[in-house]
Amino acid sequence: MQSENDRMTEMSMKITVFKRKGPKETVVRESLADIAEAIRNGKHVDEVHHLRQYYHLMHPRRTEDGRMETNFDFKMTLPRLCFSAEIDKYRKEFRILNYNGLIVLEANNLADYDEAIRIRNEVARLPQTMMVFLGASGRSVKIVCRGELLPDNGGGVPTTEEEIKKFHQLLYRTARKAYNAQLDITLDAPKPLIHRTIYISADPDMRFREQALPFYVDMEEEAAPPSSTDLETVTKEHYLM
């Protein structure tokens, strides 16, 4: 049974939002519940619809940290979300304040909007799914889930830099394998960076389960780097949002 402290920690968990204003990008931290509400109620629906209208012309590429690059004349104003950590800006440099044990799995390059809806609805049924929604392009699905250390290792998430990096890689590998097996799909495998971002979206049928079951991570496993096959998705010229 979840303790009161664990429940309160989840309720107060915050993620990082990078907001674009002109040539500058500011950083704020918001709760998971607020982000879910913004996606469900379409806070950025006009920007999302504008993107979807021109997306087939854009041939976008995603940078390692999740930003979109394109040669098409399109002004990208959607905020970016970093679910894994609370980040701030200090003396013009970004720094990680807190690691929260969340990861984002992505099903990109989907055939059409209907396939994205089908996958979103299947993902929503799994007890480890904390949040799932259609990506900003309308042809991708974003899945948020969380991890913890094995109870024998004290539970929670690690606090040292090296342990956090290893934990994050193991969590990503464990969760991706589980979803691939249960849904009979192949989720993308970008490099699992803690500061990787995705763009906010608008999806009235998104699902948010604040007390989703965690994936347990065994720190005695080897955190091997992704194989060349796994990295294929990162190097594709057309990387759907």
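Trainee: What makes the approach between the side chain of Arg29 and the backbone oxygen of Ile87 a polar contact?

Mentor: In this predicted model, a polar atom of the Arg29 side chain lies 3.4 Å from the backbone oxygen of Ile87. A polar contact asks for a pair of N or O atoms within 3.5 Å, one able to donate a hydrogen and the other to accept it, and the 3.4 Å pair is therefore counted as one.

Trainee: Which other residues does Arg29 touch, leaving aside those up to four places away in sequence?

Mentor: Besides Ile87, Arg29 touches Lys14, Ile15, Thr16, Glu86, Asp88 and Leu97, where touching requires heavy atoms within 4.5 Å.

Trainee: Why is Arg29 called partly exposed?

Mentor: Its relative accessible area is 35%, and because buried means under 20% and exposed over 50%, Arg29 falls in between and is classed as partly exposed.

Trainee: How do you know that strands β1 and β2 pair, and in which sense do they run?

Mentor: Pairing requires at least two bridges, and β1 (residues 14-21) and β2 (residues 24-31) are joined by 8 bridges in the antiparallel sense, so the requirement is met. Arg29, which is found in β2, is the bridge partner of Thr16, and although these two residues are 13 apart in sequence, their C-alpha atoms are 4.5 Å apart in space.

Trainee: What makes β1 and β5 a pair as well?

Mentor: Here 3 bridges join β1 to β5 (residues 80-82) in an antiparallel arrangement, with Phe18 standing opposite Arg80 in β5; since at least two bridges are needed, β1 and β5 also count as paired.

Terms used. Residues are numbered from 1 along each chain as its sequence is written. This is a predicted model: local features need pLDDT of at least 70, side-chain atom pairs count only at pLDDT 80 or more; totals for chains, interfaces and linings use all residues. Side-chain values use heavy atoms; hydrogens and water are left out. Helices (H or I, at least four residues) and strands (E, at least two) are DSSP runs, numbered from the N terminus. Buried means under 20% relative accessible area, exposed over 50%, partly exposed in between (1.4 Å probe, protein chains only).
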